[in-house]
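Subject: Structure handover

Hi,

Here is the structure you asked about. My notes on pockets, cavities and helix packing follow below.

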Amino acid sequence: MSSLADVDILQRARELYQESGRLSAKEAGAIFQNLEVERIQADGSSRRFWRLRHHEEPLGLLIAPAGDEQSELAESRSVWKIGRHLFEKGVPVPELFAWDSASGILLCEDLGNLRLHDYVHTEEGGITTVPSESSDHYYRETIRQLAKMQIHGAVGLEQNWCWDQPSYDAGVMVERESGYFLRAFWQGVLHLEIPVGVIEEFCQLAERADLAPGTFFLHRDFQSRNIMIKDGTVRFIDFQAGRFGPLGYDIASLLIDPYVQLSPEKQENLLNEYIEYCKTIYPLDEKQFKDQYSLLALHRNLQIVGAFSFLSKVKNKQFFGAFIGPALLSLHERLKEPLYVDYPLIRSMINKAVHELKQL
């Protein structure tokens, strides 16, 4: 099967609306004759997105894979399977309307354009129009809904729905996080040789992080640009890389999010609120969790630097380049904790990375 052209995608979307019962044949004919279609640019995804409207009323979001590779179709299947599962569990994800397994085309609820990121981010020279107490409210709601998703969303989750990896473990940490950092940033951006022994230290850290119980639902990219605000409530998107994993990873992703750069004090306050809420629905060992949290935050930080380096340098998406520095500084601060005193090669490497990046 070859990739579908835009006109074929719209025709299939019309058929899916009818097959799913959301529109009758008569309604579909009238609506699609005067359909308003807006192409939407995604952040790091290669998938294609269109907003569908009729007389300015939202009809839904149309999503299609970039092509017809099996991995792209598998990713689309994960959106459908995981998304419907989470929605049924009461997780605030978009409602999914219909899916075509042959093409990977998917129709879902349109959540609009407003993200959590928009509530806290002010561009240079811009004006903040949303008071800080609003962002505080949404962060508190986000961490409560995150805990519910992680704990309740794991119940009934099937591993064969996970297109990328069924679980997050030491192998993923070494290959997709510290390894990603080394390949995409250390070698790809700084053009430096990997110091002897540093991979062994990364492996040791991964083994320690892997001691955290991995029985929860892991979103894997839980940050402010994947949290939408619609009708005054938070909604979560881009969950298709979901899998089983440890509790601390997603909250770390939210708190060390370089798009927002929350202060250390705010991170600590939100983390403590998250822990206290988790205790109301799950028997959480706070001390054990906090040690695991730091190790997982470190790996998430490595993944962020690697991903932003790859997207900006290889994919030529310059938007991400501006966030490499803040993410690297966050990593540098993390390594000052006593927990990392026995990893001198990694600490030395990150010290050098901060210096080298300033010279570019």
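The second largest pocket has a volume of about 610 Å³. Keep in mind that this is a predicted model. Twenty residues line that pocket. Nearest its centre lie I256, P264, Q267, E333 and R334. Three helices each give two or more residues to the lining: α9 (264-281), α10 (286-313) and α11 (324-334). The lining is mixed by class, with nine nonpolar, five polar and six charged residues.

Now the enclosed spaces. Two cavities of 30 Å³ or more turned up in the structure. The second largest cavity comes to about 50 Å³. Its lining consists of R47, I63, A64, P65, S76, V79, G104 and L106. Two elements supply two or more of these residues, namely β3 (57-64) and α3 (70-88). By class, five lining residues of this cavity are nonpolar, two are polar and one is charged.

Next, the helix packing. Two packed helices are described by the angle between their axes and the distance between the axes. I have three pairs for you.

α7 with α12

Helix α7 covers residues 198-209, and helix α12 covers residues 344-359. They pack at an angle of about 110 degrees. Their axes are 8 Å apart. Angles of 65 to 115 degrees count as roughly perpendicular, so α7 and α12 are roughly perpendicular to each other. The crossing of α7 with α12 is left-handed. On the α7 side, the contact uses V198, E201, F202 and L205. On the α12 side, P344, L345, I346 and M349 meet them. This contact of α7 with α12 has seven nonpolar residues, no polar ones and one charged residue.

α7 with α10

What is the angle between α7 and α10? It is about 130 degrees, and the axes lie 9 Å apart. That angle makes α7 oblique to α10. Here α7 passes α10 in a left-handed crossing. From α7, the contact takes F202, L205, A206, R208 and A209. From α10, it takes L295, L296, L298, H299 and L302. The class split for α7 with α10 is eight nonpolar, one polar and one charged.

Note two residues of α7. F202 and L205 meet α12, and F202 and L205 also take part in the contact with α10. Note α10 as well. This helix gives two or more residues to the lining of the second largest pocket, and α10 also packs with α7.

α6 with α12

Helix α6 covers residues 170-187. It packs with α12 at an angle of about 30 degrees, with the axes 12 Å apart. The crossing of α6 and α12 is left-handed. Which residues make the contact? On α6 they are F181, L182, F185 and W186. On α12 they are M349, I350, K352, A353 and L357. Eight residues of the contact of α6 with α12 are nonpolar, none is polar and one is charged.

One residue to find on α12 is M349. It belongs to the contact with α6, and M349 is also among the residues that meet α7.

Best wishes

Note on methods:
Residues are numbered from 1 along each chain as its sequence is written. This is a predicted model: local features need pLDDT of at least 70, side-chain atom pairs count only at pLDDT 80 or more; totals for chains, interfaces and linings use all residues. Side-chain values use heavy atoms; hydrogens and water are left out. Axes are lines fitted to C-alpha atoms, for helices over the stretch in contact, and angles run from 0 to 180 degrees between N-to-C directions. Helices (H or I, at least four residues) and strands (E, at least two) are DSSP runs, numbered from the N terminus. Angles under 35 degrees count as roughly parallel, over 145 as roughly antiparallel, 65 to 115 as roughly perpendicular and the rest as oblique. A crossing is left-handed if the near helix is turned anticlockwise from the far one by less than a right angle, and right-handed if clockwise. Contact means heavy atoms within 4.5 Å. Ala, Val, Leu, Ile, Met, Phe, Trp, Tyr, Cys and Pro count as nonpolar, Asp, Glu, Lys and Arg as charged, and the others, Gly among them, as polar. On a 1 Å grid over the protein atoms alone, a cavity is a set of points where a 1.4 Å probe fits but cannot get out, and a pocket is an open set with protein on both sides within 12 Å along at least five of seven lines; lining residues have an atom within 4 Å of a point. Grid points are joined across faces, edges and corners, and a volume is the space filled by probe spheres set on the points.
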